[in-house]
Amino acid sequence: MSGKITCYLDVVSPYSYFALLHLERHREALKSHNVEIDIVPVFLGGIMGASGNKPPWMLPAKAKYSTFDSSRAKKYFGVHNFKTPSFFPILSLLPQRALIFIKAQHPQFFIPTFLDFYKEMWENGIDLSKSELLTNVLSKSFTEPQIREIFEKASSPDWKKKLNDNTDEALSHGAFGCPWFWVKNAVGDEEPFFGSDRFHNIWEYLGLPWKDVELLPKERSKI
Ligand SMILES: N[C@@H](CCC(=O)N[C@@H](CS)C(=O)NCC(=O)O)C(=O)O
């Protein structure tokens with residue numbers, strides 16, 4: 001068995017946090033099945049605009065449903081401190097460009113930093129679009145000169161273009177939201193998947209053994 005999961009994420013998207021957590025929790029198991037993971041930072045605002053979609057919080061019915069969906073997801077993925085920050089949504093360009101530079105220049109820090117960004121924004125209520133707050137978060141893993149370089153690159157044309165290119169790549173794979181996945185299976189077929197609630201479909205598509213929604217006997221009932 002072999003395959004590849006390319007996963008397009010934005011720090012502004014809470015479901016992308018759940019997706020990254022779930023993928024990381026399965027990284028070793030996926031490796032044992034020869035399935036590669038590539039995490040790609042994108043700009044969700046650009047995906048929404050170019051695909052003609054709207055963020056769920058802009059459509060009243062979706063916004064209402066989303067409160068149920070996100071509190072179920074928070075429980076399922078075990079992110080008990082999850083809360084939507086008062087400043088939501090943010091313009092995520094700066095943290096996303098910083099992540100792209102970190103992925104290229106400091107690959108060993110890329111996933112830990114992405115996870116840390118999510119935790120800071122979605123559990124600790126830190127506004128990562130503010131450079132002074134982003135600096136504090138980065139200072140856990142990077143030195144002052146490294147942070148200066150991250151900011152310099154994040155505002156340079158070349159690295160701005162890389163975020164646009166990543167976003168266009170997701171759009172070329174049909175993206176209308178995040179988390180977006182482009183999955184290649186062992187026979188070389190490729191398909192898109194949307195949402196942190198579609199892992200069972202992804203495992204199935206990859207031909208992996210999986211077990212999830214199993215009903216337990218009455219004595220184990222939670223109600
Ligand atoms: N049911 C999905 C919801 C994912 C979701 O709502 N993602 C937002 C960003 S946080 C989005 O891009 N939504 C676009 C849409 O719902 O059309 C999940 O559990 O992950």
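**Exercise 1. S66 in helix α4**

Work out whether S66 is buried or exposed in this predicted model, and find which side chain it meets in a polar contact.

*Solution.*
- Step 1: Take the relative accessibility of S66, which is 19%.
- Step 2: Compare that value with the cut-off: buried means under 20% relative accessible area. S66 therefore counts as buried.
- Step 3: Place the residue. S66 belongs to helix α4, residues 60-76.
- Step 4: Look for its polar partner. The side chains of S66 and Y15 are joined by a polar contact of 3.4 Å.

**Exercise 2. S70 and its contacts**

Find the helix that holds S70, and list what S70 touches once residues up to four places away in sequence are set aside.

*Solution.*
- Step 1: S70 sits in helix α4, the helix that also holds S66.
- Step 2: S70 has a relative accessibility of 15%, so it counts as buried.
- Step 3: With residues up to four places away in sequence left out, S70 touches Y15, F18 and F82. Y15 is thus a contact of S70 and also the polar partner of S66.

**Exercise 3. The annotated active site**

Say which residue UniProt lists as "active site", then describe where that residue lies and what surrounds it.

*Solution.*
- Step 1: The UniProt record, an unreviewed entry, lists S13 under "active site".
- Step 2: S13 lies in the loop that runs between β1 (3-9) and α1 (14-25).
- Step 3: Its relative accessibility is 3%, so S13 counts as buried.
- Step 4: Setting aside neighbours within four places in sequence, the contacts of S13 are L44, Y118, W122, C178 and P179.
- Step 5: Two of these contacts, C178 and P179, share a peptide bond that is cis, with omega near -5 degrees. P179 itself is in the loop between α9 and β3.

**Exercise 4. Around the ligand**

Name the residues that come nearest to the ligand, and give the distances for N53, C178 and S196.

*Solution.*
- Step 1: There are 16 residues around the ligand, and N53, K62, C178, S196 and D197 come nearest.
- Step 2: For N53, the side chain supplies the N or O atom, 2.8 Å from an oxygen atom of the ligand.
- Step 3: For C178, a polar backbone atom is 2.8 Å from a nitrogen atom of the ligand.
- Step 4: For S196, a backbone N or O atom lies 2.6 Å from an oxygen atom of the ligand.
- Step 5: Link this to the previous exercise: C178, one of the nearest residues here, is also in contact with S13.

**Exercise 5. Building the sheet**

Give the strand order of the sheet, decide which strands stand at its edges, and describe the helices that pack on it.

*Solution.*
- Step 1: The sheet is open and has 4 strands in the order β2-β1-β3-β4, with mixed pairing.
- Step 2: β2 (35-41) and β4 (190-194) are the edge strands; each has a single partner strand, so one side of each has no neighbour in the sheet.
- Step 3: From one strand to the next, the twist averages 20 degrees.
- Step 4: β1 and β2 run parallel and are joined by 7 bridges. In one example, I5 has I37 in β2 as its bridge partner.
- Step 5: Helix α9 (residues 157-172) packs on the sheet and touches β1, β2 and β3 (180-184), with its direction at about 120 degrees to that of β1.
- Step 6: Helix α10 (residues 199-206) packs on the sheet too, touching β1, β2, β3 and β4; its direction makes about 15 degrees with that of β3.
- Step 7: Check the cover on β2. Although β2 is an edge strand, 5 of its 7 residues are buried, and the strand is mostly covered.

**Exercise 6. Backbone details**

Find where a cis peptide bond precedes P89, and what is notable about phi of N34.

*Solution.*
- Step 1: F88 and P89 are joined by a cis peptide bond, with omega about 0 degrees. P89 lies in the loop between α4 and α5 (93-105).
- Step 2: N34 has phi near 60 degrees, a positive value in a residue other than glycine.
- Step 3: N34 is in the loop between α2 (27-32) and β2. With a relative accessible area of 52%, N34 is exposed.

Methods. Residues are numbered from 1 along each chain as its sequence is written. This is a predicted model: local features need pLDDT of at least 70, side-chain atom pairs count only at pLDDT 80 or more; totals for chains, interfaces and linings use all residues. Side-chain values use heavy atoms; hydrogens and water are left out. UniProt positions are given in the numbering used here, feature names are shortened, and annotations may be inferred rather than shown by experiment. Helices (H or I, at least four residues) and strands (E, at least two) are DSSP runs, numbered from the N terminus. Buried means under 20% relative accessible area, exposed over 50%, partly exposed in between (1.4 Å probe, protein chains only). Contact means heavy atoms within 4.5 Å. Two strands pair if DSSP finds at least two bridges between them. Axes are lines fitted to C-alpha atoms, for helices over the stretch in contact, and angles run from 0 to 180 degrees between N-to-C directions. A residue is near a molecule or strand if one of its heavy atoms lies within 4 Å of it. A polar contact is a pair of N or O atoms within 3.5 Å; within protein, one must be able to donate a hydrogen and the other to accept it, and residues adjacent in sequence count only if both atoms are side-chain atoms.
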